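User: Please take a close look at a single strand and its surroundings. I would like one connected account of what pairs with what.

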Amino acid sequence: MASGAFTINMDIEDIKDIIKTAYFKSNKGVAFNLLKSNNRNYITSKINNANMTLYNQHYIYNIFNEIYDNVELIIGYLNNDFTIYIKK
C-alpha cells in the first residue's frame with residue numbers, strides 16, 4: 001500500500017517499475033493512490049507552485065489494466081484522489 005508516494009514529479013515508467021516490484025513481492029496485491037487531474041492530459045505538474053503531480057485516473061487505470069489482469073479503480077472517497085488496486 002502506498003499513499004502519496006507518487007505525488008512528487010515521478011516519471012510514469014518509474015511508477016510502473018515500483019508497482020511491478022511490489023506486486024511480485026505481495027501476497028494479495030498492491031494498492032496505491034494518486035492525486036486526480038480533471039485535465040485530459042495524463043499528467044499535470046506543479047499545482048500552486050508546488051512540485052506535486054496530478055494524474056488522469058482513466059489514463060493510469062488503462063496503463064495498469066493492460067499489464068495486470070485484476071485492476072480496480074476506486075474513486076469518490078475524496079475530491080482529488082483516486083486509488084488503483086491490483087489484486088492477485
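Analyst:

**Strand E6 and its partners**

Strand E2, residues 29–36, pairs with E6 in the antiparallel sense, and seven bridges link the two. The model is predicted, and the pairings described here are computed from that model. One end of the E2 strand, Gly-29, has Lys-87 as its bridge partner in E6.

E6 itself spans residues 81–87 and is mostly covered, with five of its seven residues buried. Buried here means under 20% relative accessible area.

E6 also pairs with strand E5, residues 71–74. This pairing is again in the antiparallel sense, over four bridges. Within it, Leu-73 stands opposite Ile-84 of E6. E5 and E6 form a hairpin with six residues between the strands. In that hairpin Gly-76 takes a positive phi near 90 degrees.

On the E2 side, the covering can be stated in the terms used for E6: E2 is mostly covered, and six of its eight residues are buried. E2 has a further pairing, with strand E4, residues 53–55. Here the strands run parallel, and two bridges join them. One contact of this kind involves Leu-35, whose bridge partner in E4 is Leu-54.

To put the part together, E6 pairs with E2 over seven bridges and with E5 over four bridges, while E2 is joined to E4 by two bridges.

Key
Residues are numbered from 1 along each chain as its sequence is written. This is a predicted model: local features need pLDDT of at least 70, side-chain atom pairs count only at pLDDT 80 or more; totals for chains, interfaces and linings use all residues. Side-chain values use heavy atoms; hydrogens and water are left out. Buried means under 20% relative accessible area, exposed over 50%, partly exposed in between (1.4 Å probe, protein chains only). Two strands pair if DSSP finds at least two bridges between them.
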